Amino acid sequence: MQPETEVLTVSRDHPEAAALQRAAAILQEGGLVAIPTETVYGLGANALNPQAVARIFQAKGRPADNPLIVHVDSLEMARSLVTDWPELAGRLAAAFWPGPLTLVLPRSERVPDIVTAGGPAVALRMPAHPVALALISAAGMPLAAPSANRSTRPSPTDAAHVLADMNGRIDLVLDGGSATVGIESTVLSLLTDPPLILRPGGISLDQLREIDPRIDYGADHGKASPGTRYRHYAPKAPLRRIAEPPELIREALRLLDRGLRIAVMSHLPLEIAGDGIVMSTLPGDPDGYAAEFYRAVRALDLESPDVILLLDPPSGRGWDAMRDRVLKASGQGGEEPITV
Ligand code: TXA
Ligand code: MG
């Protein structure tokens with residue numbers, strides 16, 4: 001048995017120096033520290049130490065061919081990790097950093113193979129969270145940090161979610177409160193011209209187009225980012241998407257009739273009566289929906305439903321990132337569908 005993971009609660013806006021020093025010391029020794037970011041909690045290790053980064057893959061159960069995002073606290077640190085910092089990178093960083101945008105650029109020799117899964121490019125992000133930024137500065141190193149969930153599980157938006165997946169597998173969790181964005185960063189590749197979105201996320205296509213109108217989704221953004229091949233963000237119960245409220249209500253009643261326990265996730269209020277049903281009504285705007293989605297999935301999981309029925313999010317472009325996550329959570333949009 002591994003020892004329990006240590007948890008330190010820190011002030012979001014004024015993180016305590018003692019907690020930061022403890023976390024920095026663990027990172028300097030090659031340990032793993034879960035950190036709050038504005039998107040989701042990350043599982044951080046020294047990005048320049050291949051043994052430390054290997055422990056991330058181990059703790060998550062993550063396939064080795066899925067590269068990691070490197071988190072920086074300054075433009076200077078970002079530039080030290082790439083061989084080329086195009087003018088567009090500068091404009092995107094000026095507009096969206098710190099924030100939920102990850103830029104894929106040619107990596108410098110300082111970045112170990114294991115971080116990029118052997119590839120020629122590194123993904124960089126400056127998180128908009130005072131604790132994450134202060135820790136990178138205190139440790140004096142870039143942090144490789146994937147979402148701090150076990151592989152395939154929904155990303156953690158609270159320290160409690162990190163512990164549920166990782167207790168005993170990592171050294172420390174810095175509890176800096178709830179993530180506010182609630183879904184992961186947008187991953188944008190600057191290796192191509194025009195730049196392409198490999199994973200939709202916290203910064204929308206329209207926002208990016210204000211900086212460069214040529215930016216677009218990759219041909220199939222569901223597969224372009226290496227990690228998006230795998231089953232992702234999945235609750236324990238099978239999650240089924242349903243397009244329209246009447247259809248969802250009919251299906252819910254049919255399953256209840258068969259004696260199944262069901263959970264319903266919807267951005268519209270639905271009237272369904274019956275024993276054995278748990279309802280989760282999410283906000284009707286994309287930002288609000290994103291902020292609640294993973295938390296709602298994890299909460300429903302704890303009720304052990306036989307199936308989760310989810311009303312499809314609306315089709316507007318502002319919902320692109322949420323439709324991507326919902327698709328993945330239902331086992332679609334990847335190469336390894338959920339078979340249960
Ligand atoms: O908001 C976020 O991005 C969170 C927080 C912790 O920063 N991190 C996160 O990391 O979501 P992760 O590992 O769960 O997802 C990273 C995504 C994966 O789809 C991965 O394949 C892609 O970024 N990625 C990482 N490095 C890449 C690279 N060099 N080239 C292309 N895609 C890359
Ligand atoms: Mg992840």
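Trainee: Which residues in H11 meet Met322, Arg325, Val326 and Ala329 in H12?

Mentor: They are Pro286, Tyr289, Ala290, Phe293 and Tyr294, where contact means heavy atoms within 4.5 Å. By class, the residues of this contact are 8 nonpolar, no polar and 1 charged; Ala, Val, Leu, Ile, Met, Phe, Trp, Tyr, Cys and Pro count as nonpolar, Asp, Glu, Lys and Arg as charged, and the others, Gly among them, as polar. Keep in mind that this is a predicted model, where local features need pLDDT of at least 70 and side-chain atom pairs pLDDT 80 or more, while totals for chains, interfaces and linings use all residues. Residues are numbered from 1 along each chain as its sequence is written, and side-chain values use heavy atoms, without hydrogens and water.

Trainee: Why is H11 called roughly parallel to H12?

Mentor: Their axes, lines fitted to C-alpha atoms over the stretch in contact, with angles from 0 to 180 degrees between N-to-C directions, meet at about 30° and lie 10 Å apart. Angles under 35 degrees count as roughly parallel, over 145 as roughly antiparallel, 65 to 115 as roughly perpendicular and the rest as oblique, so H11 is roughly parallel to H12.

Trainee: What makes Asp212 buried?

Mentor: Buried means under 20% relative accessible area, exposed over 50%, partly exposed in between (1.4 Å probe, protein chains only). Asp212 has 6%, so Asp212 is buried.

Trainee: Which backbone nitrogen does the Asp212 side chain reach?

Mentor: That of Arg214, at 2.9 Å. Beyond neighbours within four places in sequence, Asp212 is in contact with Leu88 and Pro195.

Methods. Chains are lettered from A and ligands numbered from 1 in the order in which they are written. A polar contact is a pair of N or O atoms within 3.5 Å; within protein, one must be able to donate a hydrogen and the other to accept it, and residues adjacent in sequence count only if both atoms are side-chain atoms. Helices (H or I, at least four residues) and strands (E, at least two) are DSSP runs, numbered from the N terminus.
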